[in-house]
Amino acid sequence: MYVRNAWYCAGWDEAVGIGAHDLVVRQIAGRSILLYRTGEGRLVVMEDRCPHRSAPLSLGRKEGDAIRCMYHGMLFGPDGACRQVPGMDRIPEGAVAATLPVIEKDNWIWVWLGDPARADPDLICFAIGPSDPDWVLRTSHLRVDTGYREEIANLADLSHVSWVHGLTFAGSDDWGYIKPRHRLNPRGIETRYCVRGVPAPAFARHLFADDARFDINVHVRMTVPCNFILSFAVHEAEEGGAPNEPSRGKLLLDTFSSQAVTPRDAGSVDYYFSWGASRATDFPGIVDLMHRTNMDAFLEDKRILEGQRARLLQYPGAPQVDIVHDAGPGRMLWVLDQLLAEEAAEAGAA
């Protein structure tokens, strides 16, 4: 169900502090993961399970750079090795809490679930974090009770903007007629298209004249497990521009969104996302407006996706038809399934 040899987002770096009670738990691909920082700020990630009787280590306490399990008092260092068992002079063999590779990049925390020897930092997706000085970005988080394959399909097809986001991102039905160009990559897809001659989106309609029209250049990079990196550039409408070519109209607002969808289990995901503008095109109030709208729009997605999940469970195996806008989701899910098949074959040969 889940690709193991992949980096999974465990949230924004600011979520894990150095305080005595900063023990953060994330559920990732069916596993409970504990995150904390040492006094020097180094991030530690380990399975949230004491190897003695499986009590959650997150119910323990920090002691220096170590964690004390508050069931029977065993103390584990940041390498997972047990340092002390109250009442015993010798540490039992196998008294080790499993630790996982972790990297902080672009203000995100990335955890590797598979073979530590294969934890290649170059497999972490490209992104722009809120600490980047050239961008003004706001971040947030949302839980959605849906399967991550449904989230992949939703993000790989932005034609739904016209219909799901009529009160936020959409300004017309034009998104329903886009003709994206998809390029297949070893661990995802890259998608480009231009939405031409559209009115301002609903959330910004009041800022422009009724007859104002714009071109929007869209560039999406998606990678497994479900990372969605979006460049969304708003231009003055260009007269005579080709439908499938980028607009060359004057750039008005250069925006960027980094989104990571982390499966919690078969029926829920954590959604970590940002959106904002380049400092070169930022103007007072726009990023705050974009941030509020982003949350409203993702709540629109949440309503649809959770409703879809309920019907999929209610009507298992019901036939579904395909339409032209399924090309992106089909390609992205094909990449995911290829990686799952490769890992299954490796496990079978071991």
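These notebook entries record what I looked up in a predicted model.

**Entry 1. Helices H1 and H4**

I began with helix H1, which spans residues 148-155. Six of its eight residues are buried, so I noted H1 as largely enclosed by the rest of the structure. The buried residues there are Tyr-148, Glu-150, Glu-151, Ile-152, Asn-154 and Leu-155.

I then turned to helix H4, residues 327-349. H4 has 23 residues and reaches 33 Å from its first C-alpha to its last, close to the 33 Å expected at 1.5 Å a residue. Its buried residues include Gly-328, Pro-329, Met-332, Leu-333 and Glu-343. Against which elements do the buried residues of H4 pack? I found that they pack against H1, S12, S13 and S14.

**Entry 2. Asp-301**

I looked up Asp-301, a residue of helix H3 (residues 286-314). Asp-301 is buried yet has no salt bridge. The nearest side chain of opposite charge belongs to Arg-303 and is 9.3 Å away; a salt bridge would require a nitrogen and a carboxyl oxygen within 4 Å. Leaving aside residues up to four places away in sequence, I recorded that Asp-301 touches Asn-154, His-160, Val-164 and His-165. Of these contacts, Asn-154 had already appeared in my list of buried residues in H1.

**Entry 3. Aromatic pairs**

I searched the whole structure for aromatic pairs and obtained 15. One of them joins Trp-175 and Phe-232, which are stacked at 6.2 Å centre to centre with 0° between the planes. This pair links distant parts of the chain: Trp-175 sits in the loop between helix H2 (161-164) and strand S12 (181-185), whereas Phe-232 belongs to strand S15 (residues 227-236), 57 residues apart. I noted both Trp-175 and Phe-232 as buried.

A further pair, Phe-203 and Trp-275, is edge-to-face, with 6.2 Å between the centres and 70° between the planes. Phe-203 lies in the loop between strand S13 (188-198) and strand S14 (214-223), and Trp-275 in strand S17 (residues 268-278), so the pair ties together parts that are 72 residues apart in sequence. Phe-203 and Trp-275 are buried.

Which residues form one aromatic cluster? I listed Phe-169, Trp-175, Tyr-193, Phe-203, Phe-232 and Trp-275.

**Entry 4. Salt bridges**

A search of the whole structure gave me 17 salt bridges. I examined three of them.

In the pair of Asp-65 and Arg-83, the closest N and O atoms are 3.0 Å apart. Asp-65 is in the loop between strand S5 (61-63) and strand S6 (66-68), and Arg-83 is in strand S8 (residues 82-84), 18 residues apart. Asp-65 is partly exposed, at a relative accessible area of 26%, and Arg-83 is partly exposed at 46%.

Arg-138 and Asp-288 meet at 3.1 Å, N to O. Arg-138 lies in strand S11 (residues 135-144) and Asp-288 in helix H3, so this bridge ties together parts that are 150 residues apart in sequence. I recorded Arg-138 as partly exposed at 31% relative accessibility and Asp-288 as partly exposed at 36%.

Asp-215 and Arg-196 meet at 3.2 Å, N to O. Asp-215 belongs to strand S14 and Arg-196 to strand S13, so the bridge ties together parts that are 19 residues apart in sequence. Are these two residues buried or exposed? Asp-215 is buried, with a relative accessible area of 1%. Arg-196 stands at 18%; buried means under 20%, so Arg-196 counts as buried. I closed by noting that Arg-196, Asp-215, Glu-238 and Arg-248 are linked in a network of salt bridges.

Definitions and conventions. Residues are numbered from 1 along each chain as its sequence is written. This is a predicted model: local features need pLDDT of at least 70, side-chain atom pairs count only at pLDDT 80 or more; totals for chains, interfaces and linings use all residues. Side-chain values use heavy atoms; hydrogens and water are left out. Helices (H or I, at least four residues) and strands (E, at least two) are DSSP runs, numbered from the N terminus. Buried means under 20% relative accessible area, exposed over 50%, partly exposed in between (1.4 Å probe, protein chains only). Lys and Arg count as positive and Asp and Glu as negative; His and the chain ends are not counted. Contact means heavy atoms within 4.5 Å. Rings of Phe, Tyr and Trp (its six-membered ring) pair if their centres lie within 6.5 Å; planes under 30 degrees apart count as stacked, over 60 as edge-to-face and the rest as tilted. The expected span of a helix is 1.5 Å times one less than its number of residues.
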